[in-house]
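The following exercises concern confidence, a pocket and a surface patch. Please study the sequence and the model before attempting each one.

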Amino acid sequence: MDIDVRGPRFGAAVTTAVLAVALITGSGRLLGWQTFAFALGAAGGVGYSPYGWVFRRFVQPRIGPPTEFEAPEPPRFAQAVGLVFAAAGLVGFTAGPEWLGLAATGAALAAAFLNAVFGYCLGCEMYLLVRRVAVRAK
């Protein structure tokens with residue numbers, strides 16, 4: 001079942017804010033929360049992430065029904081990519097080296113920002129590229 005394209009973009013906006021604060025403050029707890037949110041989105045799809053729930057419950061009823069839809073697989077893959085970077089950042093901030101925390105969190109922040117502001121989902125594009133390569137390899 002396809003999903004409202006506005007949901008992942010809303011999630012990316014919240015993620016951008018969370019990651020920016022985590023990066024500025026070096027908060028392992030906040031980054032841990034974002035890692036957990038990515039894990040839920042990767043495991044069950046963006047609808048199962050906390051930000052997806054907030055979007056469906058509070059935002060979508062106020063902005064009306066969707067006019068555009070997208071397949072759920074690319075955003076779910078993007079959540080998994082975000083999970084990898086957030087987990088690496090969490091390791092860097094909690095166990096070291098600190099540069100790993102900064103670099104990984106910064107990379108996740110950049111990707112979330114691109115999606116939130118420009119609607120360009122790096123993880124989704126990676127998903128499509130991997131699918132094309134897999135199809136050609138057959």
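**Exercise 1.** State how confident the predictor is in the chain, and where confidence is lowest and highest.

*Solution.* Step 1: the mean pLDDT (the predictor's confidence in each residue, from 0 to 100) is 96 for the chain, and 100% of its residues reach 70 or more. Step 2: helix α6 (residues 122-137) has the lowest confidence, with a mean of 95, while helix α5 (residues 98-118) has the highest, at 98. Helices (H or I, at least four residues) and strands (E, at least two) are DSSP runs, numbered from the N terminus.

This is a predicted model, in which local features need pLDDT of at least 70, side-chain atom pairs count only at pLDDT 80 or more, and totals for chains, interfaces and linings use all residues. Residues are numbered from 1 along each chain as its sequence is written, and side-chain values use heavy atoms, with hydrogens and water left out.

**Exercise 2.** Determine which helix contains phenylalanine 118, and which residues form the nonpolar surface patch.

*Solution.* Step 1: phenylalanine 118 belongs to helix α5. Step 2: together with Phe113, Val117, Tyr120 and Leu122, Phe118 makes a nonpolar surface patch of about 480 Å². Patches consist of residues with over 30% relative accessible area (Shrake-Rupley method, 1.4 Å probe; for residues, only the protein chains shown count as cover) and no salt bridge (a side-chain nitrogen of Lys or Arg within 4 Å of a carboxyl oxygen of Asp or Glu); like charges are joined within 9 Å, nonpolar side chains (Val, Leu, Ile, Met, Phe, Trp, Tyr) within 5 Å. Step 3: α5 gives the most to this patch, namely three residues.
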